[in-house]
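Colleague: I'd like a close look at one part of this model, and then a walk outwards from there. Take your time with it.

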Amino acid sequence: MIRDNLLEVNHLKTYFYTDEGVVKSVDDVSFSVQPSRTLGIVGESGCGKSITLLSIMRLIENPPGKIVAGEILYNGENLLKKNKEEMRQIRGNNIAMIFQEPMTSLNPVYTIGEQILESISIHRPELDKGEARERALAMLKMVNIPMPEKRFNEYPHQLSGGMRQRVMIAIALSCEPDLLLCDEPTTALDVTVQAQILELINDLKKKARAAIIMVTHDLGVISEVADDVMVMYAGKVVEFATVDQIFAQPMHPYTCGLINCIPSLDKEVERLSTIPGMVPSFNEMPKGCAFAPRCSRATQRCKENMPELIDIGERKVRCFLYEGKDTE
Amino acid sequence: MKFFSFFYRKNKYIEDVAEQGIEYTSYYQDSFRRLKKNNAAMICLSVLALMVLIVIFAPWISPQDPNAQSLKDALRGPSAQYFLGTDEYGRDILSRIIYGTRISLSVGIISQVLATAIGVTMGVLAGYYGGYIDSLISRVMEIFAAFPELIFAMGIMYVLGPGVSNIFIALALLSWVSTARLIRGQVLQLKQKEYVEACIASGGASFQIIVRHLVPNCISTIIIMVTLGIPGAIMSEAALSFLGLGVQPPTASWGSMISAAQSYISLIPLYSVLPGLAIIIVVISFNIFGDGLRDALDPKLKNQ
Amino acid sequence: MLLYIAKRLCQTVFVLVGITFATFCLINIVPGDPVQVMLEKRADPEMIQQVRHELGTDKPLPEQYINFVEGAVKFDLGKSYFSKEPVMSMLLRGFLVTAKLAAISFLFAVTIGISCGMLAAIKRGKPTDSFLMMIAILGMSAPSFWIAIILQIIFGLKLNLLPLSGLDQPLCYILPSIALGTRYAASIARITRTSMLDVIKQDYIRTARAKGVKESMVFIKHALKNALIPIVTLLGTQLGNMLAGSMLIEKVFSISGIGKLAVDSMTNRDLPLVQGTVLYIAVIFVVINLIVDLSYALIDPKIRYGKGA
């Protein structure tokens with residue numbers, strides 16, 4: 001099945017140049033997203049998930065960070081070729097982003113209303129004050145904030161974390177973006193609030209036909225919202241598949257490990273399985289597969305050579321175990 | 001451009017990423033390594049070392065007796081005999097500047113050591129005991145801080161009368177408050193650390209807790225406060241002497257030299273320019289070195 | 001909010017009482033009898049006694065203190081020993097001159113300081129930043145009276161552009177204001193930069209950028225307002241220090257402001273005048289700091305709504 005890609009990222013490389021050396025936070029990552037679909041990006045902290053999103057927004061701090069290669073095609077146009085002003089017009093208008101920390105992501109010295117209005121007034125200058133306010137209030141209603149008129153004039157510190165994240169979503173959606181980037185939007189929230197926010201995001205996808213990229217380390221979140229899943233490890237894509245395939249039949253040992261980490265109510269297990277070790281830091285990156293030191297199925301070859309990303313039907317996986325199965 | 005690298009602040013990302021890679025080294029080793037990398041701070045440290053040498057060897061370095069008058073040579077420009085010219089009494093300006101280093105550095109260092117002694121004692125007492133003692137000390141600090149610096153120093157000098165040793169006292173009284181405030185805050189934080197709580201709970205003697213646990217943990221703050229306090233004290237001394245309330249003639253001090261030179265700016269401008277340059281060199285060296293020391297010892301203090 | 005104001009006002013009243021007490025002590029622990037100083041040792045005991053009675057210095061100390069506070073509140077601190085003029089009128093005259101000078105320097109320092117600090121923060125790590133910070137640290141390390149003399153030499157003597165002393169025409173204000181303001185401009189620039197860099201790292205700045213806010217507006221609208229609290233704190237202390245620091249500049253440019261009054265009174269040991277200048281400079285300083293603290297409420301909604309008090 002061929003769909004039109006809203007966003008297509010090809011061979012993206014984002015590096016950070018530090019005193020201690022070059023950190024390849026995003027290393028040759030390619031993927032695409034279609035309208036009305038959600039791509040989930042999973043991995044432990046420090047895998048380059050968030051940096052991938054910030055690269056799409058072109059919000060990488062430079063120095064030390066830099067997008068060194070690749071292309072990011074949005075509706076066929078390369079965002080990396082846009083100048084600052086063009087990029088600014090796209091941000092918040094066509095592509096919007098929700099961040100991990102609702103507690104600190106809103107400016108403490110401006111009211112909720114002012115912060116939503118700002119985004120509307122930047123990208124919809126044709127609206128007059130009344131219309132803009134109307135729209136901002138409508139956004140607050142849409143994200144299920146009770147008493148929007150009252151909240152409109154309140155400051156962020158007067159709202160709970162869940163409410164603030166709703167405000168963030170309202171800001172992000174205020175100009176009807178067709179691509180919404182979510183960077184762990186529920187990590188900092190209570191479980192019940194998490195569920196509400198995810199439901200809200202799912203609703204919005206249906207209503208607004210937007211494409212969503214959801215970055216998370218929580219496979220539970222992925223199972224609820226994602227259509228496709230991309231697993232990242234140490235800056236590289238290690239597996240790509242649909243959400244059903246991933247949960248039914250994970251291929252990469254890292255994905256298997258992640259799925260085995262989810263506590264299950266069905267099975268009686270004595271202890272939760274974990275993946276031993278940690279994501280290697282950039283200056284102790286192994287020569288071969290980055291996951292090899294932690295992998296129970298690693299061979300000598302894994303330690304010496306980096307496997308390529310191989311296509312298996314519509315899936316992709318970066319592991320020697322699946323070599324030779326790639327042509328079916 | 002390397003010299004300017006001191007001003008370059010590390011970005012959050014670098015620090016996050018770099019943290020993973022650095023092997024564990026002891027706190028002071030690590031600080032010293034950071035300090036050594038800071039070229040500007042190291043240059044300033046060597047300037048200061050040079051100044052200390054000048055202070056010690058002043059009698060051997062100065063070409064003339066700083067107080068020897070020779071009225072017939074008064075207000076001359078630079079010559080072979082008087083390298084930087086002479087003042088209104090025909091005294092050698094270079095020698096007077098060299099001897100002025102003694103006043104400046106000793107005022108800076110001694111007053112700050114005194115201030116730190118008072119400040120640390122008061123800060124630890126207020127922070128450790130809390131309650132009445134804390135309120136009392138805090139109120140006293142508020143009153144001390146209620147006067148603008150210069151007026152305060154002048155008031156104390158007025159009471160004590162002019163003279164170098166009185167300047168030590170006046171400037172110590174001026175600057176202990178900021179040290180005390182910082183130390184008090186730190187002690188309040190430390191008191192909540194488990195190991196100090198454990199010590200208090202297990203009935204450790206207060207004095208022992210203070211000396212063993214509290215003061216050593218404040219050492220880096222203390223070092224930073226002394227280093228960054230010195231340039232302020234040197235400036236205050238210069239200001240007091242300039243106003244005639246500080247070092248008294250004929251003792252050579254940079255501030256009083258500028259004061260005297262002011263009458264002769266059209267005749268011999270160099271006379272007023274040079275002592276000022278000396279002040280700038282010392283003060284800037286302490287400022288940059290102190291900043292470097294602060295960044296190396298305790299990056300968190302940057303904003304205080 | 002009300003609690004915050006009430007707390008702050010109580011503290012101010014307490015500090016003001018403390019100041020009168022400190023000033024009173026200052027005068028009464030000075031070695032030597034002021035009356036003897038005043039009468040220059042020629043006077044006979046009877047005359048000394050009489051003058052003491054006139055000045056009220058023969059009463060017990062607590063009573064003297066009460067009289068002093070009463071005088072301070074009523075703005076009546078007696079007459080100068082030397083000019084025989086009421087202290088308050090001398091102070092007022094001097095204060096007006098100094099206030100004008102300090103206000104101009106303050107404006108100069110704030111404009112230059114904040115804009116240079118912002119610019120350095122925007123260009124962080126670049127040569128502009130390094131250059132501005134070098135200048136700032138130089139400006140902080142140069143004594144104001146020395147800068148004043150250098151300015152006199154360059155613009156007054158060599159270029160013959162600006163008047164060397166006095167304050168009788170608007171042009172006269174230029175050099176003293178620059179000399180007085182430079183140091184403060186430098187420290188304002190430094191704290192603005194640090195505070196801005198701190199704020200720029202915050203998540204809400206990233207949010208603003210993600211919204212498509214113009215980079216200049218990110219700095220001016222989103223960052224500066226948050227960075228303002230440490231800057232405003234510094235401004236308060238500095239305005240007060242500037243009033244006191246102006247005495248150095250007044251000496252260089254022969255301006256008869258409150259600073260000159262303070263220095264002269266101290267060198268002449270003119271007690272009532274010393275008391276008056278020290279007391280009222282401190283009072284102004286405290287009041288400025290009170291205003292600054294209250295102005296936080298305007299900047300930070302957390303304080304306005306009672307959480308940050």
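Is L53(B) buried, exposed or partly exposed? Start there, and then tell me how that spot sits in the rest of the assembly.

Modeller: Bear in mind that this is a predicted model. L53(B) counts as partly exposed, because its relative accessible area is 44%, which falls between the 20% limit for buried and the 50% limit for exposed. The residue belongs to helix 3 of chain B, which runs over residues 39-61. L53(B) also has company on the surface: together with L50(B), V52(B), I56(B), F57(B), W60(B) and I61(B) it makes up a nonpolar patch. Taken together, the residues of that patch have about 720 Å² of accessible area.

Now step back to the chain around it. Chain B is built from eleven helices and has zero strands, so reading from the N terminus you get α-α-α-α-α-α-α-α-α-α-α, given that helices and strands are taken as DSSP runs. Of its 304 residues, 52% count as buried.

Further along chain B, have a look at helix 5, residues 131-144. R139(B) and E142(B) both sit in that helix, three residues apart, or about one turn. Their side chains form a salt bridge, with 3.2 Å between the closest N and O atoms. An α-helix has 3.6 residues a turn, so residues three or four places apart point the same way. The two partners differ in cover: R139(B) is partly exposed at 30% relative accessible area, while E142(B) counts as buried at 14%.

Next comes a loop worth clicking on. P162(B) sits between helix 6 (149-160) and helix 7 (164-191) of chain B, and it is partly exposed, with a relative accessible area of 46%. In sequence P162(B) is 84 residues from G246(B), yet their C-alpha atoms are 5.2 Å apart in space.

As for cysteines, C218(B) is buried, at 1% relative accessible area. The closest cysteine sulfur belongs to C199(B), but it is 15 Å away, so that is too far for a bond. Chain A has a similar story to tell. C182(A) is buried at 0% relative accessible area, and the closest cysteine sulfur, in C175(A), is 16 Å off, again too far for a bond. Over all chains the disulfide count is zero.

While we're in chain A, go to helix 1, residues 49-57. This helix is mostly covered, with eight of its nine residues buried; among them are I51(A), L53(A), L54(A) and I56(A). Just after the helix comes R58(A), with a positive phi near 55 degrees. K49(A), in the same helix, forms a salt bridge with E184(A), and the closest N and O atoms are 3.2 Å apart. That pair links distant parts of the chain, 135 residues apart, with E184(A) in the loop between strand 7 (179-183) and helix 8. Both K49(A) and E184(A) are buried.

Another salt bridge in chain A joins E77(A) and K82(A), at 2.3 Å from N to O. E77(A) is partly exposed, with 43% relative accessible area, whereas K82(A) is buried at 17%.

For a surface feature of the opposite flavour to the nonpolar patch, see E126(A), D128(A), E131(A) and E134(A), which form a negative patch. E131(A) comes from helix 5 of chain A, residues 129-142, and is partly exposed at 42% relative accessibility. Over in helix 8 of chain A, residues 191-208, you'll find A195(A), which is partly exposed at 38%. The C-alpha atom of A195(A) is 31 Å from that of N75(A), with their positions 120 residues apart along the chain.

That leaves chain C, which has 13 helices and zero strands. Its C-alpha trace spans about 85 × 60 × 30 Å along the principal axes, and 52% of its 309 residues count as buried. Chains A and C also meet in a network of salt bridges that links E61(A), R124(C), R209(C) and E215(C). Over all chains, the structure holds 25 salt bridges.

How values were computed. Residues are numbered from 1 along each chain as its sequence is written. Chains are lettered from A and ligands numbered from 1 in the order in which they are written. This is a predicted model: local features need pLDDT of at least 70, side-chain atom pairs count only at pLDDT 80 or more; totals for chains, interfaces and linings use all residues. Side-chain values use heavy atoms; hydrogens and water are left out. A disulfide is a pair of cysteine sulfur atoms within 2.5 Å. Buried means under 20% relative accessible area, exposed over 50%, partly exposed in between (1.4 Å probe, protein chains only). Patches are made of residues with over 30% relative accessible area and no salt bridge: like charges are joined within 9 Å, nonpolar side chains (Val, Leu, Ile, Met, Phe, Trp, Tyr) within 5 Å. Accessible areas come from the Shrake-Rupley method with a 1.4 Å probe; for residues, only the protein chains shown count as cover. A salt bridge is a side-chain nitrogen of Lys or Arg within 4 Å of a carboxyl oxygen of Asp or Glu. Lys and Arg count as positive and Asp and Glu as negative; His and the chain ends are not counted. The place of a charge is taken as NZ of Lys, CZ of Arg, CG of Asp or CD of Glu. Helices (H or I, at least four residues) and strands (E, at least two) are DSSP runs, numbered from the N terminus.
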